[in-house]
Amino acid sequence: MTAIPFDNSYVRLPDRCFARRAPTPVAAPRLIHLNRALAANLGIDPDWLAGPDGVAMLAGNSVPEGAAPIATAYAGHQFGNFVPQLGDGRAVLLGEVVDRDGRRRDIQLKGAGQTPFSRRGDGRAALGPVLREYLVSEAMAALGIPTTRALAAVATGERVVRETRLPGAVLARVAASHIRVGTFQYFAARGDTEAVRALADHALARHYPEASSAGHPYRALLDGVVARQADLVAAWLLVGFVHGVMNTDNMSVAGETIDYGPCAFLDAYDPRTRFSSIDAHGRYAYGQQPGIALWNLTRLAETLLPLLADDEAAAVEAAEAALGGFGPRFEAAYHGGLARKLGLSGDRDGDTALTDDLLERMAANRADFTLTFRRLCDAAERPEADAGVRDLFVDPTAYDAWAVRWRGRLAAEGRAPAATATAMRAVNPAFIPRNHNVEAMVAAAVEHDDFGPFEELSAVLARPYDDQPAHARYADAPEGGGADYRTFCGT
Ligand code: AMP
Ligand code: MG
C-alpha cells in the first residue's frame with residue numbers, strides 16, 4: 001500500500017518549468033509537530049506520518065512511493081526590481097494529492113536542501129522561521145483566510161549558519177499550488193509564450209475550471225486571479241495582517257497567502273506600519289498592500305498579453321479591463337468587511353464614512369486594532385462596555401463622539417443587541433498571533449528546546465473567535481503599542 005496517494009500534474013508541464021531534484025537527507029530528524037487533521041484530510045494516515053517512515057519522509061530522508069520531487073522555476077520582482085531567475089532554492093515539491101474534499105493540493109518540503117535554483121543559499125531553513133510560518137499560517141486558516149497550510153515541522157539535528165548558528169528544521173507545507181505571478185514572469189521574460197500558455201492552461205484547469213469554458217479563457221483567468229487577490233488583501237486588512245514581502249514571486253495565482261517570512265500583525269492601528277527590517281521605505285506597509293497587489297497583478301497581466309488577443313492593442317485593452325476590476329472588488333470586500341466588523345449588515349449611505357472615521361480616530365490615538373474591534377462587540381451589547389473601548393484611545397473622547405453616530409446607525413439595523421454582538425464576535429477575532437507572543441514562542445523553542453509555548457499558542461489560535469478566559473493574556477496588546485517591532489526575512 002502506498003502511504004501517500006500522489007497524483008502529480010505539474011510534472012506533466014514542459015521540462016523547463018522545473019528541475020527534478022530529491023530532498024537532501026538530514027542528520028537526525030525529530031518530529032516537532034504534526035497536523036493530524038490536515039494529514040487525514042489529505043488521505044494520509046496520521047499515525048504512519050508520525051512514525052519513523054513518515055518522519056523520514058517529512059525530513060527529506062526518504063522519497064515516498066509515487067512522489068516526483070521537483071524544484072519549480074520562477075522569476076520575480078523583488079522590491080520592484082526584476083530578477084529573471086529565482087525558483088525553489090530551498091524547497092522541494094514532493095507531489096500532489098487530491099484531498100477528501102476533491103481539491104488538488106501540493107505537498108512541499110521547505111528547507112529540504114539545495115536545488116539548481118539555490119544560487120549561493122544553503123537550501124536550508126532555521127527552526128525559528130519554520131515555527132513562525134507553521135503557527136501564523138495555521139492561525140490564518142483558523143481565521144478563515146485563504147492560505148497555504150502547515151502539515152508538519154521536523155527538526156533536522158543540524159545547524160544552519162545565519163548571523164549565528166541556529167537549529168535547522170524542515171516545514172512540510174500544503175498549498176492549492178505553488179504557481180506564483182513570478183512563475184509566469186519566468187517564461188514571459190524569456191519570450192517563451194508556449195510555456196506561458198501551458199502554465200495558463202494548467203492554472204485554469206486547476207484553480208479556475210469554470211473559466212476554462214469561458215469565451216475568452218485567458219481573460220477569465222486574469223479576472224479570476226484579480227478577484228481572488230482583491231478578496232485576499234481585503235481579508236488581510238480586516239485582521240491587521242502585514243505580509244511584509246509582497247514580491248511577485250510571493251503572490252499565488254490560486255489566491256492563497258503564501259511565503260510567510262517577515263509577516264506580522266498590527267497592534268496599534270496605523271496604516272503606515274511596516275515590520276520588515278529590509279522594507280526600509282515601507283513599500284509593503286499595511287496600507288500599501290492593495291496597491292501593491294494591483295501592481296503585481298499588472299505584472300501578471302503583462303505576461304498574459306500574447307494570449308489575450310492577437311493584436312496588441314486589443315490585448316492591452318482586455319488586460320486593462322481585467323485590472324480595472326480590482327478596485328471595485330477590493331473596495332466592496334474591504335468596506336463590506338469593515339461594516340460587518342461594526343455590526344452593520346446592510347450597506348447604507350454613510351457607512352463607509354462611518355468606518356473610515358473610526359479608523360482615522362484609531363490611528364490618531366494609537367488604538368489597538370484587534371482589541372478595539374473585539375471590545376466593540378461588547379459595547380454593541382451593553383453601552384457600559386464603552387469604557388473598555390475608550391481606554392484604548394490616547395484621547396478617549398475621540399471614541400465618544402464616534403460612538404454616538406455608531407449607536408444611531410446600529411439602531412437603524414433593528415437587530416437585538418445580543419444578536420449584533422454575536423455576529424460581530426464571529427468576524428472580530430479575540431486572538432491573533434501577536435508579535436510578542438510569537439517571538440516568545442520562537443525563543444523558547446530555539447534557545448531552550450521548549451515547544452510548550454508553540455503547542456499552547458497553536459491551540460489558542462485554532463479558535464480565534466472564541467473567548468478563552470484561561471488564555472486571556474494572549475489577547476493582550478504589548479507594552480507601548482508594538483510599532484517598533486521588527487521582523488527579519490525567514491531565510
Ligand atoms: P523568499 O525570500 O523566501 O521569498 O525567497 C526568495 C528566493 O530566495 C527564492 O528563490 C528562494 O528559493 C531563495 N532562498 C531563500 N532562502 C534560501 C536558502 N537558504 N537557500 C537557497 N535559496 C534560498
Ligand atoms: Mg518566496
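In this predicted model, R180 sits in the loop that runs between β10 (165-175) and α5 (181-188). Its relative accessible area comes out at just 1%, so R180 counts as buried, the cut-off being under 20%. Once residues up to four places away in sequence are set aside, R180 still touches a long list of others: Y74, D88, Q108, R173, T248, D249, N250, M251, S252, V253, I258 and D259. With one of these partners, D259, there is also a polar contact: the side chains of R180 and D259 are joined at 2.9 Å.

D259 is worth following a bit further. This residue belongs to the loop between β11 (241-242) and β12, and its phi is near 65°, a positive value in a residue that isn't a glycine. D259 has a relative accessibility of 11%, which is why it counts as buried. D259 also turns up at the metal site: together with N250 (OD1), D259 (OD) is a protein donor of the magnesium ion (ligand 2), and these donors lie 2.0 to 2.1 Å from the ion. N250 is buried too, just like D259. Both of these donors are on the list of residues that R180 touches.

Next comes ligand 1. What surrounds this ligand, and which residues are closest? There are 18 residues around ligand 1, with G87, G89, R90, D122 and G123 being the closest. Sorted by character, the shell holds two nonpolar residues, eight polar ones and eight charged ones. Some individual atom pairs can be picked out as well. A backbone N or O atom of G87 is 2.7 Å from an oxygen atom of ligand 1, while R124 places a backbone N or O atom 3.3 Å from a nitrogen atom of the ligand. From R119, it is the side chain that takes part, with an N or O atom 3.0 Å from a ligand oxygen. As for overall cover, ligand 1 has 480 Å² of accessible area on its own, and the protein covers 86% of that.

R119 itself is found in the loop between β7 (104-110) and β8 (125-126). Is R119 buried or exposed? It is exposed, because its relative accessible area is 58% and the cut-off is over 50%. R119 also has a positive phi, about 50°, although it is not a glycine.

Another loop, the one between β12 (264-265) and α9 (289-308), contains D267. At 3% relative accessibility, D267 falls under the 20% cut-off and therefore counts as buried. The side chain of D267 makes a polar contact of 2.8 Å with the side chain of R434. Leaving out residues up to four places away in sequence, D267 touches A367, D368, F369, R434, N435, P478, G481 and G482.

Finally, there is G80, placed in the loop between β4 (76-78) and β5 (81-83). How does its accessibility class come about, and what is it? With a relative accessibility of 26%, G80 lands between the 20% and 50% cut-offs, so it counts as partly exposed. Beyond its neighbours within four places in sequence, G80 is in contact with R283, Y284 and W295. G80 and D484 are 404 residues apart along the chain, and their C-alpha atoms are separated by 25 Å.

How values were computed: Residues are numbered from 1 along each chain as its sequence is written. Chains are lettered from A and ligands numbered from 1 in the order in which they are written. This is a predicted model: local features need pLDDT of at least 70, side-chain atom pairs count only at pLDDT 80 or more; totals for chains, interfaces and linings use all residues. Side-chain values use heavy atoms; hydrogens and water are left out. Donors are N, O and S atoms within 2.8 Å of the metal (3.2 Å for Na, K and Ca); water is not among the atoms, so sites may look incomplete. Buried means under 20% relative accessible area, exposed over 50%, partly exposed in between (1.4 Å probe, protein chains only). Helices (H or I, at least four residues) and strands (E, at least two) are DSSP runs, numbered from the N terminus. A polar contact is a pair of N or O atoms within 3.5 Å; within protein, one must be able to donate a hydrogen and the other to accept it, and residues adjacent in sequence count only if both atoms are side-chain atoms. Contact means heavy atoms within 4.5 Å. A residue is near a molecule or strand if one of its heavy atoms lies within 4 Å of it. Accessible areas come from the Shrake-Rupley method with a 1.4 Å probe; for residues, only the protein chains shown count as cover. Ala, Val, Leu, Ile, Met, Phe, Trp, Tyr, Cys and Pro count as nonpolar, Asp, Glu, Lys and Arg as charged, and the others, Gly among them, as polar.
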